[in-house]
Amino acid sequence: MQQIFNFIFKNSNRILFLLLLGISLALTIQSHSFHRSKIISSANFLSGGVYERVNNLHEYLNLKTQNEALALENAKLKSLLFNRKDTTVVKKLDSLKGVKPEDIVVSKVIHNSYNVYENYLTLNSGEIDGVKPDMGVINDLGIVGIIENTSPKYSTVISILNKRTQINAKIKKSNHFGSLNWNGKSTGYVQLTDLPRLALIKIGDTIVTGGQSVIFPENINIGTIAKIYRDKQTNFYTLDVRLFNDMTNLGHVYIIKRKDREEIINLEKREKDE
Amino acid sequence: MNSTLLVNIFRFILLLAIQIIIFNNMNFLGYISPFPYILFIILYPVNGNKSGLVAASFLLGIIMDLFSNSGGTHATACLVLAYFRPSIFKFAFGLSYEYQTIKLNDVLTPQRFSFILLSVVIHHFTLFLLEAFQLSFILDTLITTLLSTVFTIIICIIIIYLIKPNKR
């Protein structure tokens, strides 16, 4: 017994090191391997609060560009409103529930990272505003990411510039779909893989979100085709997609709440169980 | 003793704050960012409590992880640096390490520089290796390590010269 204690006292430094190394390595490996299981995330009182303060200061510096972006978006919406084909037909609301299938929460990016392989954003709205994990995040130009973790006042978003994102996307004109992911190289481009060779594509075609996703509504802009790679072995294309969004400069974003999401998931689960 | 403890606590908070508020937003060429917060580990007293340093480094790293959504990569890198610090001392300063008369907060000599260089390289390599977490990215990892090391060292030396205690 004495010897055991002696051993522990003698090597206390090494034992402490190994113990803490085990903890931190476990956290690292866990954060790389599982979806939405991060214990250490910036959606919490401390870092959310600090980022919000810093962002408040920083915001004043680009008020002008933010205003310009908002004015542009307003103009776009106005033109949509004025140029409706038949102004007498108003799209019907879902009269049973009395609500639209999609609802939108306005939020602000208070922290943005884009220089590592797994990038996350922090937003200043959380569970109090009804934000839940796996909701889609967009802005007026295109998609931004998917909500990963939430706290009462803040939430983290897994950016499209993240090796672990997989989003269903399609060619706008032909409905052929593939999955969107990032190879970690450039912040302006993402990759669309598993697109069937049957699809007729050319450089400059628009890529939008596909209808298979329960996170994003259909037809939200992503980007345009910049480069086409033909894989000799498989029957699939890999495309470089140039993003409409500048992911390094994000201000206000919209979080999409889909009312029928749980219904679809439950239905698909029932299908699988049978 | 008490004043060194206070100085270290102050340094811990100050370095973390400037790292998070200023240096985390610095992205030179898009992907090179400096990490001068490891100055806390580098400047920790030579004859200080070793277990204290290991524990404090873990705390330092985990707070960085909390702010940058990086799982446990900063914590691991800081721990590795803190644990191997005595060996780096022995390598850089040779025999005089045994007498424990080294002061890092002073004019830059080749020994001091080699100590800082080795520390930064070890920390950054561990950090970027765990961040990529894929061997196919090893070349990118090495390049990022190299460039960020240069950047971090320049800022570290500037900070050391700025906070150097006045002798007169």
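Glu218(A) and Lys170(A) form a salt bridge in this predicted model, with their closest N and O atoms 2.7 Å apart. The two residues sit 48 places apart along the chain, so to speak at a distance in sequence: Glu218(A) belongs to the loop between strand 9 (206-209) and strand 10 (221-230) of chain A, while Lys170(A) is part of strand 6 of chain A. Their surroundings are worth a look too. Glu218(A) is partly exposed at 44% relative accessible area, whereas Lys170(A), at 5%, counts as buried.

## Salt bridges in chain A

How many salt bridges does the whole structure hold? A search over all chains finds five. Here are three of them, with the N to O distance for each.

| Pair | Closest N to O distance |
|---|---|
| Glu218(A) and Lys170(A) | 2.7 Å |
| Asp205(A) and Lys202(A) | 3.8 Å |
| Arg164(A) and Glu118(A) | 3.9 Å |

The pair of Arg164(A) and Glu118(A) also links distant parts of the chain, with their positions 46 residues apart. Arg164(A) lies in the loop between strand 5 (155-162) and strand 6 (167-171) of chain A, and Glu118(A) lies in strand 2 (residues 118-123) of chain A. Of these partners, Arg164(A) is partly exposed, with a relative accessible area of 22%. Glu118(A), at 10%, counts as buried.

Asp205(A), which pairs with Lys202(A), is buried as well, at 8% relative accessible area. This pair belongs to a network: salt bridges with shared partners join Lys173(A), Lys202(A) and Asp205(A).

Lys202(A) turns up again among the neighbours of Ile228(A). Ile228(A) is found in strand 10 of chain A. Leaving aside residues up to four places away in sequence, Ile228(A) touches Ile201(A), Lys202(A) and Ile203(A), along with Tyr237(A), Thr238(A) and Leu239(A). For another reference distance, the C-alpha atoms of Ile228(A) and Gln191(A) are separated by 10.0 Å, with the two residues 37 apart along the chain.

## Where chain B meets chain A

The size of an interface is often given as the accessible area lost when the parts come together. Here, chain B and chain A bury about 3,000 Å² between them, and 65% of that is on carbon and sulfur atoms. On the chain B side, Phe67(B), Asn69(B) and Tyr83(B) lose the most area to chain A, together 24% of what that side buries.

The contact draws on 33 residues from chain B and 35 residues from chain A. What about charge pairing across it? The count of salt bridges between chain B and chain A is zero, while five residue pairs are in polar contact, both residues at pLDDT 80 or more.

Which helices of chain B each supply at least two residues of the side that touches chain A? They are helix 1 (2-21), helix 3 (50-68), helix 4 (73-93) and helix 6 (110-132). Helix 3 gives the most, with ten residues. By class, this side of chain B has 17 nonpolar, twelve polar and four charged residues.

## Annotated spans of chain B

An unreviewed UniProt entry lists "transmembrane region" for several stretches of chain B, residues 6-23, 28-46, 58-84, 113-130 and 142-163. In the model, residues 6-23 of chain B are 89% helix and 0% strand, and their end C-alpha atoms lie 24 Å apart. Residues 58-84 of chain B are 85% helix and 0% strand, with the end C-alpha atoms 14 Å apart.

Note on methods:
Residues are numbered from 1 along each chain as its sequence is written. Chains are lettered from A and ligands numbered from 1 in the order in which they are written. This is a predicted model: local features need pLDDT of at least 70, side-chain atom pairs count only at pLDDT 80 or more; totals for chains, interfaces and linings use all residues. Side-chain values use heavy atoms; hydrogens and water are left out. Contact means heavy atoms within 4.5 Å. Buried area is the accessible area (1.4 Å probe) that two parts lose on being put together, summed over both. A salt bridge is a side-chain nitrogen of Lys or Arg within 4 Å of a carboxyl oxygen of Asp or Glu. A polar contact is a pair of N or O atoms within 3.5 Å; within protein, one must be able to donate a hydrogen and the other to accept it, and residues adjacent in sequence count only if both atoms are side-chain atoms. Helices (H or I, at least four residues) and strands (E, at least two) are DSSP runs, numbered from the N terminus. Ala, Val, Leu, Ile, Met, Phe, Trp, Tyr, Cys and Pro count as nonpolar, Asp, Glu, Lys and Arg as charged, and the others, Gly among them, as polar. Buried means under 20% relative accessible area, exposed over 50%, partly exposed in between (1.4 Å probe, protein chains only). UniProt positions are given in the numbering used here, feature names are shortened, and annotations may be inferred rather than shown by experiment.
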